[in-house]
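Subject: Structure handover

Hello,

Here is the structure I said I would pass on. Please open it alongside this note.

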Number of protein chains: 4
Amino acid sequence: MVDFNITRCAHAEFRVTDLGAARAFYVDALGMLEIDSDGDRLYLGGLEERDKYSLVLRKAASAGVGHIAFRVATEDDLEEIARVYEAKGLPIRWIEANTLEAGQGRAVRVQDPNGLPIEFYHEMEQRERRMQKFEEYRGAHIMRIDHFNMQVPNVQAAYDWWTQEMGFYLSEYTVSDDEPERLWAAWLHRKQNVHDLALMNGIGPRLHHVGMWLQDTSSVLRACDILASIGMRESIERGPGRHGLSNAFFLYLRDPDNNRVELYTNDYIIPDPDFAPIKWKLSDPRRATFWGNYAPRSWFDEASLVEDILTGELLPTSDPQMAGRPDFIT
Amino acid sequence: MVDFNITRCAHAEFRVTDLGAARAFYVDALGMLEIDSDGDRLYLGGLEERDKYSLVLRKAASAGVGHIAFRVATEDDLEEIARVYEAKGLPIRWIEANTLEAGQGRAVRVQDPNGLPIEFYHEMEQRERRMQKFEEYRGAHIMRIDHFNMQVPNVQAAYDWWTQEMGFYLSEYTVSDDEPERLWAAWLHRKQNVHDLALMNGIGPRLHHVGMWLQDTSSVLRACDILASIGMRESIERGPGRHGLSNAFFLYLRDPDNNRVELYTNDYIIPDPDFAPIKWKLSDPRRATFWGNYAPRSWFDEASLVEDILTGELLPTSDPQMAGRPDFIT
Amino acid sequence: MVDFNITRCAHAEFRVTDLGAARAFYVDALGMLEIDSDGDRLYLGGLEERDKYSLVLRKAASAGVGHIAFRVATEDDLEEIARVYEAKGLPIRWIEANTLEAGQGRAVRVQDPNGLPIEFYHEMEQRERRMQKFEEYRGAHIMRIDHFNMQVPNVQAAYDWWTQEMGFYLSEYTVSDDEPERLWAAWLHRKQNVHDLALMNGIGPRLHHVGMWLQDTSSVLRACDILASIGMRESIERGPGRHGLSNAFFLYLRDPDNNRVELYTNDYIIPDPDFAPIKWKLSDPRRATFWGNYAPRSWFDEASLVEDILTGELLPTSDPQMAGRPDFIT
Amino acid sequence: MVDFNITRCAHAEFRVTDLGAARAFYVDALGMLEIDSDGDRLYLGGLEERDKYSLVLRKAASAGVGHIAFRVATEDDLEEIARVYEAKGLPIRWIEANTLEAGQGRAVRVQDPNGLPIEFYHEMEQRERRMQKFEEYRGAHIMRIDHFNMQVPNVQAAYDWWTQEMGFYLSEYTVSDDEPERLWAAWLHRKQNVHDLALMNGIGPRLHHVGMWLQDTSSVLRACDILASIGMRESIERGPGRHGLSNAFFLYLRDPDNNRVELYTNDYIIPDPDFAPIKWKLSDPRRATFWGNYAPRSWFDEASLVEDILTGELLPTSDPQMAGRPDFIT
């Protein structure tokens, strides 16, 4: 039992090489709300959210991810979490309120045992929710951030950390086809839906994608139509389709820097703390795409490097313990 | 058999007292494309259309309808149609190309035997279709004009005129509950769907509404949400709901001058010239709204006056031969 | 702080006078899954659920509600909850496993201070989830039970009980227009969406409706179409429309015994325990129906009587402390 | 100008090796209505249709197509059409009423100059339309047959025949990328939408697919979900996606005999006889799938053989004059 309460997936910070190009993709095409900006950063949000932002685009020399952030229930939770990382000798960095990210209270950043750059915060400037400002709905009608999906070389170790030390619950998972079964991927949640954090076998530490939640399947199709209409069809990497795992209707997109976002809807709620997790075999043809299509190789091979929270340098990666993609992906 | 070919419902000219208020409704809220304007007129169109416009908003001292227009297949058809009206001694007015309406070729306006102000034209300036400019979709995603609905005191006479003299076909109709059955309303078409022109028993000659075609039911719901969101909820008069007659999913709106438009989708095509018309009894609870709701009194009682094509004055009206609304509308 | 954990709204037991007629409504028309039956009861469920059932139809001499049930996180929570009711001298009844309801573990029933008949349980037989058995989707594609809405004479007292003694959180609420503001209605949740339990001013104790969650607006429209098609259009009482409060797209139906169900979708999640509740004025025209329509009188005046948990008799009701419906409902 | 009036695409006859397997696909999975059957044939229809059937499944030793049928406006049109084929010395076969296909009046079958087996008829037994029997909607909610798509070795010759001799109109077309442009494919219509008949470059004469019209995109997605759910995911060959050409939202399926059907919606109407056709370059990445995906090789290479109308033997094929698939399909 952990002594703190992580409430949910909260925001991601993407490194982008061209803020204007990134803005054209996220704001003009996908319809995210542009909430604020300073010289180096654009702060974007969804229609349902009250937190000031859920996606930060930061000007940088190369693509990648600065950090991903979870909200915690109280300020005290920050101290409790810091103690856990300190006890393991892991890197920690306190960020004073409003120094790096506009509107955010005091935060702590850590490098988890897998190398993932994580921020925890409690206080955040609130803004007016736009859910009922229907005249402002544009693009994919993105409602809110939903989850992070990370690639790590050792999924079992990462799973152990996030469930045992950080208090996450398992909703669904994938195991290898051979015996004994090995964990290929795990979907973990704190808020009551399928995930706040997914861990997948692969070259890592890397961020595979950030998931954005939409209200319906037609919003996913509208995103495809708009992207193709404005000449961004090459940003469409995979889908639209339905996942077997999570039941979500999805679309995977690459932003102009090749950072990946998933448009995601039609999953389900998990209000029961004793929800029996759903197991999938890696080779089940309905697992990844319920309709049977395979993901392209790029979807397995490519992902965003992540920063060292202390130096801001992009971290080197390690090869996964299992093959980097299923052997049926040629 | 008629000697000319009316191809379809083409455009309507609404009198509006405040062009800015009308623009806020049709363009900002409903998402119609603003194609052109001159001092007195705004020219609006739908996403699927190539004709320069399908709705003209004309500044006037009071609400009402200047004319409704049908396209014909050839220039010669205009002469043939004019001969029919001349032979009956009905008012005719030739409009030279580009004199009253931007981009329109030579046209002929008539006052039909019921007093309805009708324009026929063949040539029209074409514009780029926006159907695949998905980034321009706004509001109700209005695709195209679909039909006119007119109130007339003598539906049988109007029906006879439009089917026998103008070559329209009957798709569906409503008859009185008493015997012998009398015609209460008729849905007539030239293009291959339920109607280009509906004729309803009522105080007339008046235009009851112009129907705009949408691609799906969610576009109707989006219109409701946006109108409520921006403070125009009082423009919603009836619906959303499904018509029994036509099967269409509908919403009736009143513009700032109380001219009425219907958002309309989910009807069907009629490619067979020998389609057997569908008869409905006036009191059938599924006829008007399939789900059983009644229309409000205003929907029966209120409609737009129409102009004398020669003087531009609004025409006086006569009471209908049957009661102005069904007796179950209290 | 309470010493137990109510996890969610779980099931309702409706009294019905004709099991066959009720089955035609819930199973044949709305598409709920028929899971089990015994002589007196039908057990129905939704596509997303794993609990054996979420709606029990019990044959009875008159309409009404046997009880509403919440799930708790552990068996021990039952004892803790029982202690609270005992301490207040409120009626309590222990139900041994599988004695009244098939598949349910030991449960405790109470009569809350407002007279509401509540059941708490932890164990329930699990069944295969049908969420990905798409060939079994029928009718409204009901995914799961979402909430109970209860009418009580003293909303403030009921609100105090459920928030202070039972641990519920406030998401949205309605206050009177006069000063000082009085609480007209409150939406309370344990699972992370708008509500598990709503409390409304009115004649009570009564159940106003049970809310069933759908995945999209088109499922609501499909329900209307099917009900009208099979001759049950009179079961449609209000809607479809969008609520301002909760943002949900809704439809209110009356079953053959006049028990009321709401088809409900498009609300939002509340993962933050410190979510700032949203306040609505009773007369705000966008509160109840965002598009401005008023609910019919029956919606305010009529509701289902509830049983005495000890005797099974239907409880007498009291008039509300405020007028039973807003004064703009004539 | 032709002396007869072909009104629309009407029905196709598929050869199937296992009527039970075909029924499971078309009726149980896709939800087509089973209207009638005799020993060798199943007669299926759509919800919007009144003709007795629009798809005939005929037991045969191998897959393929018996014929495709167009309706004509009058009985006399049959004689006129027969004269055209006779004058060219093409095969003709008169089918007396109710001898081969249940409910059909006298018909004439021809082999067109490209070898395509075509039937023309006027009279057909009518059945009750099920469009407002919403409780009968199943699977993909197939409303009606929309079009035939045929592969022929010489598209230009086939285009000339169908436009000059049979009176079809061109809506959209594809030309080769090299100069001078050569016709790669043509979409031709008689009813007022994008096509009743498409002609594509390829090994032929073959039927590439029959298009079935749905009312909305969600019906296409539902079909994918159901097919995957019941173990028929391998029937999904291409899509869902949006066509650039026609704007339709589509899904291509292979039935258990590998005959191909397209689920198709969101195209547009063409009420103007002088509609200016839309030209696409073969290599335009938005032409086939607006979102940029390529069709699989099987989509270009595989199609259904067609029968000799006199002998019932499957006709041999010829290679196309241009390469069988675009060179960007590897």
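Below is what came out of it, starting with the conventions.

This is a predicted model, in which local features need pLDDT of at least 70, side-chain atom pairs count only at pLDDT 80 or more, and totals for chains, interfaces and linings use all residues. Residues are numbered from 1 along each chain as its sequence is written, chains are lettered from A and ligands numbered from 1 in the order in which they are written, and side-chain values use heavy atoms, with hydrogens and water left out.

**The fold of chain A**

Chain A has five helices and 18 strands. These are DSSP runs, numbered from the N terminus: H or I of at least four residues for helices, E of at least two for strands. The C-alpha trace of chain A spans about 50 × 50 × 40 Å along its principal axes. Chain A has a radius of gyration of 18 Å, which agrees with the value near 20 Å for a compact globule of 330 residues. That radius is taken over C-alpha atoms, and the globule rule is 2.2 Å times the number of residues to the power 0.38.

**Chains B and D**

How is chain B superposed on chain D? A rotation of 180° does it, with 0.0 Å of shift along the axis and an RMSD of 0.0 Å. That is the relation of a two-fold axis. The same surface serves both copies, as 100% of the contact residues of chain B recur in chain D. Superposition is by least squares on the C-alpha atoms of residues with pLDDT of at least 70 in both copies.

Chain B gives 33 residues to the contact and chain D gives 33. Contact means heavy atoms within 4.5 Å. Together chain B and chain D bury about 2,800 Å², 47% of it on carbon and sulfur atoms. B:Arg50, B:Gln132 and B:Ile269 supply 20% of the area that chain B buries against chain D, more than any other three residues. Buried area is the accessible area (1.4 Å probe) that two parts lose on being put together, summed over both.

Six salt bridges cross the interface of chain B and chain D. A salt bridge here is a side-chain nitrogen of Lys or Arg within 4 Å of a carboxyl oxygen of Asp or Glu. One of them joins the side chains of B:Asp274 and D:Arg71, at 2.7 Å from N to O. There are also 15 residue pairs in polar contact across this interface, both residues at pLDDT 80 or more. A polar contact is a pair of N or O atoms within 3.5 Å; within protein, one must be able to donate a hydrogen and the other to accept it, and residues adjacent in sequence count only if both atoms are side-chain atoms.

On the side of chain B that touches chain D, β1 (6–16) and β17 (278–281) of chain B each supply at least two residues.

**Chains C and A**

A turn of 180° and a shift of 0.0 Å along the axis lay chain C on chain A, with an RMSD of 0.0 Å. Of the contact residues of chain C, 100% recur in chain A. The contact takes 33 residues from chain C and 33 from chain A. Chain C and chain A bury about 2,800 Å² between them, 47% of it on carbon and sulfur atoms. C:Arg50, C:Gln132 and C:Ile269 supply 19% of the area that chain C buries against chain A, more than any other three residues.

Six salt bridges link chain C and chain A. Among them, A:Asp272 and C:Arg71 meet through their side chains at 2.8 Å, N to O. The polar contacts between chain C and chain A come to 15 residue pairs, both residues at pLDDT 80 or more.

**Local points**

- Over all chains, the count is 133 salt bridges. C:Asp36 and C:Lys52 form one at 2.8 Å, N to O. This pair links distant parts of the chain, 16 residues apart: C:Asp36 is in strand β2 (residues 33–37), and C:Lys52 is in the loop between β3 (41–45) and β4 (55–59) of chain C.
- Most residues other than glycine have a negative phi, and most peptide bonds are trans.
- The peptide bond from A:Gly204 to A:Pro205 is cis, with omega near 5°. A:Pro205 lies in the loop between β12 (197–201) and β13 (206–213) of chain A.
- C:Gly239 and C:Pro240 are also joined by a cis peptide bond, with omega about 5°. C:Pro240 sits in strand β14 (residues 236–242) of chain C.
- A:Asn258 has a positive phi, near 75°. A:Asn258 is in the loop between β15 (249–254) and β16 (260–265) of chain A.

Best wishes
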